[in-house]
Amino acid sequence: MDFSLFVHMERLDASQDQKKLYEEFLQLCEIADKGGMRTIWTGEHHGMNFTIAPNPLLNLVDLARRTKNVRLGTGTIVAPFWHPIKLAGETAMTDHLTDGRLELGFARGAYSFEYERMMPGMDAWEAGLRLREILPAVVELWKGNHAHDGEFWQYPSTTSAPQPVQQPHPPVWVAARDPNSHDFAVSNGFNVQVTPLWQGDEEVVTLMQRFKDACANNPQVDRPKIMLLRHTYVGGSEGDVQQGAEEINRFYNYFGAWFKNERPVENGLIKTLSDEEIAAHPFFTPQSMREANVIGDANTVINRLRVYEDMGYDQYSFWIDSGMSFERKKASLQRFIDHVMPAFDASSGKPAGGGEQ
């Protein structure tokens, strides 16, 4: 099983300097590279200081100059916000600028807050339809001479300019949850990214079964890869572990509030949640976070990850966004690299080249 880092510039209040946040983002990525992680993933969000990520391709080009071995992935591009020709060309250029280290994760998007501002009137159903239309079109544009007459986009014969370094193209990943999303990804030969968010390992089992069902439904396609993304904290003591659970619980309270899209937003920041509001949440608690997410000492984390490896997951991604301080994130990540990764196969975490899927 490979290991990767999933990371954004994360901002919960106006006191956090954005330039400093980016410098901390870079330091975490450099630790992941030096520590032998396979991939760094960073995503796309708009108008939200909760996860500052207006264009992941910009971040990855910068990271390509600051890292040596790690592959660089979009986790994820919100596909409905793009035009196929623009998406094909800009991702191909990024593949050039990252020296062929690019991996491309795509999603339909998660936040109504963003839909209302980027694509007014679009709902999650339409976003899913747009995702399913744009990705095959982009693959064809990378090949060249592709005309498209779809429901959402139309264009005459066009070729991506440039075309990708990796052949036939950079690895493509699709964020999938429901069975139809798994089937779409697998039938097109795309890899799959899944996250159970705050749910327990029963959801991890369900997501793997959906992937296996999709593979069984598409025997003509070589099995793609599947990645599991989970919030992770490796603590140095029991008190440290408990504090990590409390911080991740606070993060999920903010995540849930953004998702519901009901709380006032001022200058890209959601109205501060009080301790009383967090304590009153109907199902987010530090204990539930500790049970569901991968939070514990190194041995606890190793045992959880071995279960995922045995299930058939090809990659485990350490989701580090958590509301905790940079120093605490850094310490947890270093413990993961020093004490968790060595417990797995010696080849785990080593970057793999080429564009095969």
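Helices (H or I, at least four residues) and strands (E, at least two) are DSSP runs here, numbered from the N terminus. Thr-76, for one, is found in strand S5.

What you're looking at is a predicted model, where local features need pLDDT of at least 70, side-chain atom pairs count only at pLDDT 80 or more, and totals for chains, interfaces and linings use all residues. Residues are numbered from 1 along each chain as its sequence is written, and side-chain values use heavy atoms, with hydrogens and water left out.

**The whole chain**

The protein's secondary structure comes to twelve helices and 15 strands. Its C-alpha trace spans about 60 × 50 × 40 Å along the principal axes. As for the radius of gyration (taken over C-alpha atoms; the globule rule is 2.2 Å times the number of residues to the power 0.38), a compact globule of 357 residues would come out near 21 Å, and the protein's 20 Å agrees with that.

Buried means under 20% relative accessible area, exposed over 50%, and partly exposed in between (1.4 Å probe, protein chains only). By that yardstick, buried residues make up 57% of the 357 residues. Accessible areas come from the Shrake-Rupley method with a 1.4 Å probe, and for residues only the protein chains shown count as cover. The total accessible surface is about 14900 Å², with 50% of it belonging to carbon and sulfur atoms.

Contact means heavy atoms within 4.5 Å. Of the contacts with a separation of 6 or more, 75% are between residues 24 or more positions apart.

**Around strand S5**

Strand S5 (residues 71-78) is largely enclosed by the rest of the structure, because eight of its eight residues are buried. Two strands pair if DSSP finds at least two bridges between them. S5 pairs with strand S3 (residues 39-42) in the parallel sense over four bridges, and Trp-41 stands opposite Gly-73 in S5. Five bridges join S5 to strand S6 (residues 102-107), and these two run parallel. Here the bridge partner of Ile-77 is Phe-106 in S6. From S5 the chain crosses through helix H3 (residues 84-97) to S6, and this β-α-β crossover is right-handed (with the strands pointing away from the viewer, the path from the first strand over the helix to the second runs clockwise).

There's a backbone quirk in this strand, too: the peptide bond from Gly-75 to Thr-76 is cis, with omega near 10 degrees.

**The S7-S8 hairpin**

S7 (residues 146-149) has side chains that alternate: His-146 and His-148 point to one face and are buried, while Ala-147 and Asp-149 point to the other and are not. A hairpin of four residues joins S7 to S8. S8 (residues 154-158) pairs with S7 in the antiparallel sense over three bridges, with Asp-149 opposite Gln-154. Further on, the peptide bond from Ala-161 to Pro-162 is cis, with omega near 0 degrees; Pro-162 sits in the loop between S8 and strand S9 (172-175).

**Three buried residues**

His-45 lies in the loop between S3 and strand S4 (51-52), and Ala-53 in the loop between S4 and helix H2 (56-64). Ser-317 belongs to strand S15 (residues 315-319).

| Residue | Relative accessibility |
|---|---|
| His-45 | 16% |
| Ala-53 | 3% |
| Ser-317 | 0% |

A polar contact is a pair of N or O atoms within 3.5 Å; within protein, one must be able to donate a hydrogen and the other to accept it, and residues adjacent in sequence count only if both atoms are side-chain atoms. The side chains of His-45 and Glu-114 make one at 3.2 Å. Those of Ser-317 and Ser-4 make one at 3.0 Å.

Leaving aside neighbours within four places in sequence, His-45 is in contact with residues including His-8, Ala-53 and Tyr-111. Under that kind of count, Ala-53 is in contact with His-8, Gly-43, Glu-44 and His-45. Ala-53 and Met-9 are 44 residues apart in sequence, yet 7.0 Å apart in space, C-alpha to C-alpha. Ser-317, not counting residues up to four places away, touches several residues, among them Leu-5, Trp-41 and Met-227.

**Positive phi**

Leu-197 has phi near 55 degrees, a positive value in a residue other than glycine. It is found in the loop between strand S10 (191-194) and helix H7 (201-217), and is buried at 16% relative accessible area. Asn-261, also not a glycine, has a positive phi of about 60 degrees. Asn-261 is in the loop between helix H8 (238-260) and strand S12 (265-266), and is partly exposed at 25%.
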